[in-house]
Amino acid sequence: MKKTIIRTLLLIILLLLAIVLGKVIGNVTAGVSFLSWLGLSAQFGLAPATLDLAVVTVTFGLQISLNVAQAILLLVAILVYSRIHIKD
């Protein structure tokens, strides 16, 4: 039980680090001519939609922006996670 919780937390931490570092790398390399492709990004998701019930107003929406550096680092994070063995 404890081992699965640690593995899950490790996966979450690795994925978050990959996302943050990928964003930083993409922004930093945007000005470098031969590395600018790392900053190319795609944005997709659902546009915000509002539901007004007179008493409560709820807005739903999800927007995801992913650049090449983030995609590469996410793949690396998943490979690293699969190679890590946690002892009891």
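What share of the 88 residues of the chain counts as buried? In this predicted model, where local features need pLDDT of at least 70 and side-chain atom pairs count only at pLDDT 80 or more, totals for chains, interfaces and linings use all residues. Residues are numbered from 1 along each chain as its sequence is written, and side-chain values use heavy atoms, with hydrogens and water left out. The answer is 14%, with buried taken as under 20% relative accessible area, exposed as over 50% and partly exposed as in between (1.4 Å probe, protein chains only).

The chain has two helices and two strands, arranged along the sequence as α-β-β-α. Its radius of gyration (over C-alpha atoms) is 18 Å, well over the 12 Å that the globule rule (2.2 Å times the number of residues to the power 0.38) gives for 88 residues, so the chain is more spread out than a compact globule. Helices (H or I, at least four residues) and strands (E, at least two) are DSSP runs, numbered from the N terminus. Along the principal axes, the C-alpha atoms fill a box of roughly 55 × 50 × 15 Å. As for contacts (heavy atoms within 4.5 Å), 57% of those between residues at least 6 apart in sequence join residues at least 24 apart.

On the outside, the chain exposes about 6900 Å², with carbon and sulfur atoms supplying 73% of that area; areas come from the Shrake-Rupley method with a 1.4 Å probe, and for residues only the protein chains shown count as cover. A nonpolar surface patch takes in Met1, Ile5, Leu9, Ile12, Ile13, Leu16, Leu17, Ile19, Leu21 and Ile25, together offering about 970 Å² of accessible area. Patches are built from residues with over 30% relative accessible area and no salt bridge, joining like charges within 9 Å and nonpolar side chains (Val, Leu, Ile, Met, Phe, Trp, Tyr) within 5 Å; a salt bridge puts a side-chain nitrogen of Lys or Arg within 4 Å of a carboxyl oxygen of Asp or Glu. One of the patch members, Ile19, sits in helix α1 (residues 2-28) and is partly exposed at 38% relative accessible area.

Asn67 belongs to strand β2 (residues 57-67) and is buried, at 6%. Leaving aside residues up to four places away in sequence, Asn67 touches Gly22, Lys23, Gly26, Leu38, Gly39, Leu40 and Ser41. A polar atom of the Asn67 side chain lies 3.4 Å from the backbone oxygen of Gly22.

Then there's Ala54, in the loop between β1 (41-52) and β2, which is exposed at 78%. Most residues other than glycine have a negative phi, yet phi of Ala54 is positive, near 70°.

Note on methods. A polar contact is a pair of N or O atoms within 3.5 Å; within protein, one must be able to donate a hydrogen and the other to accept it, and residues adjacent in sequence count only if both atoms are side-chain atoms.
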